[in-house]
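Here's a walk through one structure, taken a piece at a time. Have the viewer open and follow along.

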Amino acid sequence: MYKIKAKRLLAPSIYLMDVEAPRVAKSANPGQFVIVKMDEKGERIPLTICDYDKTAGTVTIVFQTVGCSTNKMSLLKEGDYFSDFVGPLGQPSEFIEEDIEALKQKKIMFVAGGVGAAPVYPQVKWLYEHGIAADAIVGCKSEDYLLLEKEMKLVTGNLYIATDDGSYGYKGLVTDLLKDLIEKEGKKYDVVVAIGPMIMMKFITQLTKQYGIKTIVSMNPVMVDGTGMCGGCRLTVGEETRFACVDGPEFDGHLVDFDEAMRRSTQYKSQEGRAEIERQEKVTGHVCNLGLGENNEWN
Amino acid sequence: METKKRVPVKEQAPEIRRSNFDEVCLGYSESEAVAEAERCLHCKKPLCVTQCPVSINIPEFIEHVKNREFEEAARVIAKSSSLPAVCGRVCPQESQCEELCVLGKKGDAVAIGKLERFVADWSRENNIDLSQTLPKNGRKVAVIGAGPSGLSCAGDLAKLGYDVTIFEALHKAGGVLVYGIPEFRLPKDKVVQHEVDNVKALGVKIETNVIIGRTVTLEELMHQEGFEAVFIGSGAGLPMFMNIPGENSNGVFSANEFLTRNNLMKAFKEGYDTPIRAGKKVAVVGGGNVAMDAARTALRLGAEVHIVYRRSQAELPARAEEVHHAIEEGIIFDLLCNPVEILADEKGWVKGIKCIRMELGEPDASGRRRPVEIPGSEFVIDVDTVIMSLGTSPNPLISSTTPGLESNKKGCLIAAEETGRTSLDGVFAGGDAVTGAATVILAMGAGKKAARAIDEYLKK
Ligand SMILES: Cc1cc2nc3c(=O)[nH]c(=O)nc-3n(C[C@H](O)[C@H](O)[C@H](O)COP(=O)(O)OP(=O)(O)OC[C@H]3O[C@@H](n4cnc5c(N)ncnc54)[C@H](O)[C@@H]3O)c2cc1C
Ligand SMILES: Cc1cc2nc3c(=O)[nH]c(=O)nc-3n(C[C@H](O)[C@H](O)[C@H](O)COP(=O)(O)OP(=O)(O)OC[C@H]3O[C@@H](n4cnc5c(N)ncnc54)[C@H](O)[C@@H]3O)c2cc1C
Ligand code: SF4
Ligand code: SF4
Ligand code: FES
């Protein structure tokens, strides 16, 4: 059992939890993820590691309620437990293996969409702790949905905010902002790291391709085991089939077949939807009635 | 002639069982078991025992059954096997212990597996405590993977007094027994969990949710956590695909994914959150046990199921009993067909599988006649789901994170057959991780041999 040591509402329908999992915390690196399971009957839910404290033995997750499992999870309180919490899974971000001096020469831009700000944070923080100030763009619906702004400010070189409705920062999409930075402000980047909904990552890679900027994306296909056993998370990357859970989750964005990935991520949608409706009919006022499908921004 | 025929075992009728997940085979009653036991000749040189990878003293336990001494029978089996209720159900007995039974020459071999199952079930129902261990010696051994090989290695070491911890990647212990083999062949709560609990009763600790190579490395176990020896029983869980066009369409799953959703995550049961998609018409590609299990699971979820296999029925690698059950239940066998492409509709969902007809040519290295394509014979089977069941290989996670641990081209760990010794001092391995996908009983046999070798290694 894995205890929830702290829980915070970061934005409407977006929650942060610190979970006690000393073995995971000890081995965690930026770019990796965990799989959590609430109880005996729960699904295995992959979530990116958003922070970790090796001395306290805790791992931070941030999730958005999109469907049944994430909604049920949002009802857990401080002091409650996850029955299962396994990780760290996947490969760490490439840069942690790179030569620090070489890395210092590079201009790195992170682009986060929606809840993607959470997984971007540990990467930017890691770089900052190694003496590298990366820039970041964080995009969201409106000011209310902005995550971890204070924390991000402390560790980024330049932090740019974009909101769809212009309620805060730049009005428009992260792609437009990146374009403006490069074309109007003459910014130069050697690497872009984009994390967020697949559709956002797809458009970012299309843009960066024009400028010839290497772009890393973090893929989030439907997963079961997270250890290479089921093949459900397979993607096409540069003509090859790769398993996101063991080969990724980060890949060269210019090689990823996003259309296939987006199509594959809908495979279980109708099943879950149908099961959900049946459940709601049976138990009125059931926990999963909090806007099913509305916040499906992450995918 | 009475002695030539074995006592038949009761089964759920095919037309009923095809729509439920309850066990197909109902097992012997006491009197049936005794009657079957009476057929055994109690051979002086029992050939049956030579074919059992864990060397159960078969004539002795059967003799006890004959005398209605079921507890004694259970004790005889417990000396050699820690998972008898499992093996009695899923061992390919016809090619193991029963293959050389003398009665098999002129009639039916003794139903050794069914008798073993009877004894194990009886001992569970009567709460017989079979845990006998030597005093604890305080020395720590780690076992990676809670499948049959890991469980039997851990059980044997615990009996010898070792302080054993099993590290399991999934949230439940059992390996293929919990995620692969379906409920209707091997009940999970009743049988598998009980046998896992028996191993725990010997003092074995099981830490789930620990992936060796990710959560902690093998080196850390040995150098930081004080384990003096390690047994790797991590199985062969990596699914293979055909690499044909359309294989990433929506509705194409590996048998591993399909079975894991159904068995481990219990998607077939009310109240469990994990979804599964069986579709209306399913093609299962492959002819092994895994293919039969996937096919019969899809059938029970309401689909019309086709097995697509490139050789003929005689070459099906699945156990005869499973093929027979599958046919009885109404699985359609499209034999001598090989898929060449998966066809998808405009939204990317499977709408058919294009196959080419095959004929059998000359025997290949394995002695089986090699299937060759008949040019121009392509045709399409309309299906909305395809389940790929083409075999599995060992997961490279441990070998790639453990310097000095050698594996072969196929990704199998290299280990000595009699001891399980690997290229690293103090590290042993066995089961599917070494042999590639094989059987429960071979994995258990490897676990036992390694336990003995680890004991010798640590005593030195
Ligand atoms: C490597 C990885 C990292 C992720 N990190 C985060 C994160 O940090 N924060 C966050 O909010 N979300 C993250 N996700 C997505 C998150 O796992 C899904 O939102 C969650 O599984 C949805 O479950 P649900 O039952 O609430 O919704 P559902 O109603 O089941 O599904 C909504 C959508 O979520 C996706 N989904 C469903 N089941 C899974 C599954 N088992 N694995 C992956 N996707 C699934 C599907 O595309 C589906 O259409 C990540 C996914 C992956 C693969
Ligand atoms: C669907 C199906 C049906 C089958 N039917 C039969 C049958 O009828 N009869 C028969 O005899 N055999 C059958 N088999 C084969 C049999 O199940 C296997 O040969 C046997 O389970 C192998 O045992 P094992 O202990 O080597 O590995 P497994 O049972 O695969 O167990 C390995 C365990 O190790 C864990 N693991 C893997 N990597 C790590 C890691 N890095 N860290 C921690 N843990 C890890 C896995 O999660 C798993 O629990 C079947 C197999 C399948 C898939
Ligand atoms: S364990 Fe398997 S091979 Fe050995 S006696 Fe039992 S059924 Fe036969
Ligand atoms: S070979 Fe057959 S008859 Fe002889 S002891 Fe074994 S089971 Fe009995
Ligand atoms: S999640 Fe199962 S193989 Fe990646």
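Which three strands of chain A form an open sheet, and in what order? The order is β4-β3-β8 (chain A), and the pairing is antiparallel. Strands β4 (45–48) and β8 (84–89) of chain A stand at the edges with a single partner strand each, so one side of each is left without a neighbour in the sheet. From one strand to the next, the twist averages 25°. Strand β3 (residues 33–37) of chain A pairs with β8(A) in the antiparallel sense over four bridges, and A:K37 stands opposite A:D84 in β8(A).

Some housekeeping before going on. This is a predicted model, where local features need pLDDT of at least 70 and side-chain atom pairs count only at pLDDT 80 or more, while totals for chains, interfaces and linings use all residues. Residues are numbered from 1 along each chain as its sequence is written, chains are lettered from A and ligands numbered from 1 in the order in which they are written, and side-chain values use heavy atoms, with hydrogens and water left out.

The vocabulary is DSSP's: helices (H or I, at least four residues) and strands (E, at least two) are DSSP runs numbered from the N terminus, and two strands pair if DSSP finds at least two bridges between them. Axes are lines fitted to C-alpha atoms, for helices over the stretch in contact, and angles run from 0 to 180 degrees between N-to-C directions.

**Chain A as a whole**

Chain A has ten helices and 17 strands. Of its 299 residues, 59% are buried; buried means under 20% relative accessible area, exposed over 50%, and partly exposed in between (1.4 Å probe, protein chains only). Contact means heavy atoms within 4.5 Å, and among the contacts in chain A with a separation of 6 or more, 66% come from residues 24 or more positions apart.

Back to sheets: chain A also has an open one of seven strands, ordered β12-β11-β10-β9-β13-β14-β17 (chain A), with mixed pairing. Its edges are β12 (170–171) and β17 (250–252) of chain A, and since each has a single partner strand, one side of each is left without a neighbour in the sheet. Strands β9 (residues 108–113) and β13 (residues 191–195) of chain A run parallel and are joined by five bridges; A:A112 has A:I195 as its bridge partner in β13(A).

What lies across β9, β10, β11, β13 and β17 of chain A? That's helix α4 (residues 117–129) of chain A, running at about 160° to β9(A). Helix α6 (residues 174–183) of chain A packs on the sheet too, touching β9, β10, β11 and β12 of chain A, and its direction makes about 145° with that of β10(A).

**Over to chain B**

Strand β4 (residues 229–232) of chain B sends B:A229 and B:F231 one way and B:V230 and B:I232 the other, and all are buried. Four bridges join β4(B) to strand β1 (residues 140–144) of chain B, and the two run parallel; here B:I144 stands opposite B:I232. Strand β16 (residues 427–429) of chain B also pairs with β4(B) in the parallel sense, over three bridges, with B:F428 as the bridge partner of B:F231.

Helix α5 (residues 70–80) of chain B has buried residues including B:F70, B:V76 and B:I77. The buried residues of α5(B) pack against α2 (30–37), α4 (58–66), α6 (84–90), α7 (112–125), α8 (148–159) and α17 (440–459) of chain B.

Three single residues of chain B are worth a click:

| Residue | Relative accessibility | Status |
|---|---|---|
| B:K281 | 26% | partly exposed |
| B:Q12 | 12% | buried |
| B:A267 | 16% | buried |

B:K281 lies in strand β7 (residues 281–285) of chain B, and its contacts beyond four places in sequence include B:E304, B:H306 and B:D382. B:Q12 lies in the segment before α1 (14–17) of chain B. B:A267 is found in the loop between α12 (255–264) and β7 of chain B.

**Ligand 3**

Which residues surround ligand 3? Among them are B:C52, B:C87, B:C91 and B:C97, along with B:P53 and B:E116; a residue is near a molecule if one of its heavy atoms lies within 4 Å of it. The shell divides into nine nonpolar, two polar and one charged, where Ala, Val, Leu, Ile, Met, Phe, Trp, Tyr, Cys and Pro count as nonpolar, Asp, Glu, Lys and Arg as charged, and the others, Gly among them, as polar.
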